[in-house]
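User: I have a model open and I keep running into labels such as buried, disulfide and cavity. Could you walk me through how each label is earned?

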Amino acid sequence: LSLLLALSLLSPRGAAGGSCPPRCVCASNLLSCSQANLSAVPAPLPRFAAVLDLSHNNVTRLRADWAPARLPHLHALLLSHNGLAFVSTEAFANVPRLRHLDLSSNRLRTLDENLFSDLGELEVLLLYNNEIATVDRTAFENLGRLRKLYLGQNRIARFPLELLREGSRLPQLALLDLSANRLRAVPAGELQALPAWLRDRLYLHNNPLACDCPLFQLLARGRRRRLSAVVDFQDELRCILPGAPAPIRILALAGRQPLNCSEAREAVLEAHLGDSVTLGCDSRWQGVRSRHWVTPGGERVLGDGGNGSVAVLANGSLQLQALRPEDAGTYACWVAGPLLNETLYVELLVHNFTLHGPHDTLNTAYTTLVGCILSVVLVLIYLYLTPCRCCCCRGTEKPPAPRDDSINSSVLSTTPNHAGGTGEPCGSRVASSAGTGQNGRFKGGGTPPLPARQGPKAQRKVSDPDSVSSVFSDTPIV
C-alpha cells in the first residue's frame, strides 16, 4: 500500500502534477470543460494539459491569473461562445507554446495594444463573430508564425493593410478572412501586387463595398486564375452602385453602365529593344517544390540559370537582358506545387525601337535650335527683303522725290495700276537729268518721263515713292 501511494503521488495525474478539474472530462492530455456552465476557468489546471476546451460557458473576462502556473505543453485553447468581453494583455504570459487560439463568437469590441505579443508560436487565431470595430496597429505584434487569421463577421470599417504588406508583422500569413464586415473600399491596386498564394485566401465577400472598375478587375483576374476566395464566393461578392435598388455582383460590372468596366489583360508585359525585363511566376502555391520556364522558341530554362541573357532568379522569376525582336512571344512557367501542378503564361511584347535613348535628347535640342534660327531668318527676309512688285523693274533705281511736293498731293495721288493698260516696258525708259515732274512741275531729281498712253488713263500720274500711299502699297502687312 505504501508503494502504491508513493507511485500515485509521483504520477502526472496525482496531486503533484494536477488532477482533472471538476465538471471537466480528461482524456490523456486533453481537457474538455465545454458546456459545463462555468463562469471562470477551473483551477488548478494540470501541467500536462495540451488541449483545453472551455467553449460554451459563461467566462466573460479572461484575466492574467486564469493560469497562475506555467502550462508548457498547452498548444490549443478554445474559448468560443462564452460572452467574452475582456481579455487582459497579460492573459497569455504562461502559455507561450500556444499554436491554436479560438476566441470566436464572443463580445470582443477592440483588440488592444500588444494583446497577443506573448504568443510567438501562434499559427491559427479565430476572432470571427465578435463585435470588433477597432484593431490596434500593434495588436498582432510578434506573431511571426501566424498563418491563418479569421476576422469575419465583425464591425471593421478600415482595411488592415499593414497585415499584408511584405515584411510586416505577419510574414507567414496565408489566410485572412475579412468577410461580413463594414468595409466600403479596399486598395485594389496594392492587393493586386500581393502574391497569388495570399490572394487565394483573402476573403472579402459580404461587405458593403462601393462599385468601381479596379475592384472589378482585381476579382476578374482572381476568377481567371481560379482563386478560391473568388470562385467559391463569387455570388456573395457584391457592391453598391449609386442608383441601384440593391447590391449587385461585382463580376457582373463588365460593360454595365455607368461604369462600363472592362477586364484588364493579365500577364502581358511590353518592352523595347535593348531593355532588361523580369517575368514573374505568380503561382497560387506557397510551398513550391520546383519550377522551370519554357521560352517561345521551346527552349527550357531551369532554375540553375540560362545562357547569360536569360536566367531564372531565386524567387522563380525569369530575367531577360538586352531584348531582341525574336524574344517576343508567350513564355510558360511550369510550377510543381504541394498538391497540384500549375502552368502560368506571360506574353512579352517587344517594340521594334528603343525608348529614351541617350541620343534622343540631343537630336530634339538640335532640331529645336535649327527650327528657331530658320524661323527668325524667314521673318527677317519677309520684313526687309520683300521683292519688287514689278518683276521687270528690279534693276531700276528709284529717283529721289521732289522736295516741293506737298503731303496733300502725295496722299491724293493714285498708286499705278500694274495689271492693266498699254505702254512700253520698263526697260525702254531713258533716264535724263532733267524733266517735267508731276502737275507740270520741274523735277530736279531726274524722274523718268511717262510713257505715251491711249485712253482716259493716259493722264495718270506716277505717285511719289515717299508718299503715304506708296508706303502703304509697298510695305507688306505682317
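Analyst: What follows takes the labels one at a time and sets the values beside the cut-offs; keep in mind that this is a predicted model.

User: Let's start with sulfur. What makes Cys20 and Cys26 a disulfide?

Analyst: Their sulfur atoms are 1.9 Å apart. The cut-off for a disulfide is a pair of cysteine sulfur atoms within 2.5 Å, so Cys20 and Cys26 pass. Four disulfides are found in the structure.

User: Why is the Cys20 and Cys26 disulfide given the hand it has, left or right?

Analyst: The torsion about its S-S bond is about 90 degrees, so the link is right-handed.

User: And how do you know whether Cys20 and Cys26 are buried or partly exposed?

Analyst: Buried means under 20% relative accessible area, and partly exposed runs from there up to 50%. Cys20 has 25%, so it lands in the partly exposed class. Cys26 has 18%, so it counts as buried.

User: What about Cys211 and Cys239: what makes that pair a link between distant parts of the chain?

Analyst: The two cysteines are 28 residues apart, with Cys211 in the loop between β14 (209–210) and α4, and Cys239 in strand β15 (residues 238–240). Their S to S distance is 1.9 Å, and with 95 degrees about the S-S bond the link is right-handed.

User: Why is each of those two called buried?

Analyst: Cys211 has a relative accessibility of 11% and the cut-off is under 20%, so it is buried. Cys239 has 1%, so it is buried too.

User: How do you know that Cys213 and Cys261 form a disulfide?

Analyst: The sulfur atoms of Cys213 and Cys261 sit 2.1 Å apart; the limit is 2.5 Å, so they qualify as a disulfide. The torsion there is about -90 degrees, so this one is left-handed. Cys213 lies in helix α4 and Cys261 in the loop between β16 (248–249) and β17 (268–272), so the disulfide ties together parts that are 48 residues apart in sequence.

User: Which of Cys213 and Cys261 is buried, and which is partly exposed?

Analyst: Cys213 is partly exposed, because its 22% is not under the 20% limit. Cys261 is buried, because its 3% is under that limit. Another cysteine, Cys372, is partly exposed at 46%, because the exposed class needs over 50%.

User: On to strands. What makes β14 and β15 a pair?

Analyst: Two bridges join them, and they run parallel. Pairing takes at least two bridges, so β14 and β15 meet the requirement. Across that pairing, Leu209 stands opposite Cys239 in β15. The open sheet here has three strands in the order β14-β15-β16, with mixed pairing.

User: Why are β14 and β16 called edge strands?

Analyst: Each of them pairs on one side only.

User: How do you know that β21 and β22 pair?

Analyst: There are three bridges between β21 and strand β22 (residues 318–320), in the antiparallel sense. The requirement is at least two, so the pair counts. One of the matches is Ala311 with its bridge partner Gln319 in β22. These strands belong to an open antiparallel sheet in the order β18-β22-β21, where β18 (277–279) and β21 (310–312) are the edge strands. On average, neighbouring strands of that sheet are turned by 20 degrees against each other, direction ignored.

User: What class does Gln319 get, and why?

Analyst: Gln319 has a relative accessible area of 27%, and partly exposed spans 20% to 50%, so that is its class. The C-alpha atoms of Gln319 and Leu279 are separated by 6.4 Å, although the two residues are 40 residues apart along the chain.

User: Last one: how many cavities are there, and what lines the largest?

Analyst: Two cavities of 30 Å³ or more are counted. The largest has a volume of about 140 Å³. Its lining includes Leu191, Arg199, Leu218, Gly222 and Val230. Two elements, α4 (213–224) and α5 (228–231), give two or more residues to that lining, and the largest share, three residues, comes from α4.

User: What makes up that lining by class?

Analyst: The lining has nine nonpolar, one polar and one charged residues. Gly counts as polar and Arg as charged, so Gly222 and Arg199 fill those two classes.

How values were computed: Residues are numbered from 1 along each chain as its sequence is written. This is a predicted model: local features need pLDDT of at least 70, side-chain atom pairs count only at pLDDT 80 or more; totals for chains, interfaces and linings use all residues. Side-chain values use heavy atoms; hydrogens and water are left out. On a 1 Å grid over the protein atoms alone, a cavity is a set of points where a 1.4 Å probe fits but cannot get out, and a pocket is an open set with protein on both sides within 12 Å along at least five of seven lines; lining residues have an atom within 4 Å of a point. Grid points are joined across faces, edges and corners, and a volume is the space filled by probe spheres set on the points. Helices (H or I, at least four residues) and strands (E, at least two) are DSSP runs, numbered from the N terminus. Buried means under 20% relative accessible area, exposed over 50%, partly exposed in between (1.4 Å probe, protein chains only). Axes are lines fitted to C-alpha atoms, for helices over the stretch in contact, and angles run from 0 to 180 degrees between N-to-C directions.
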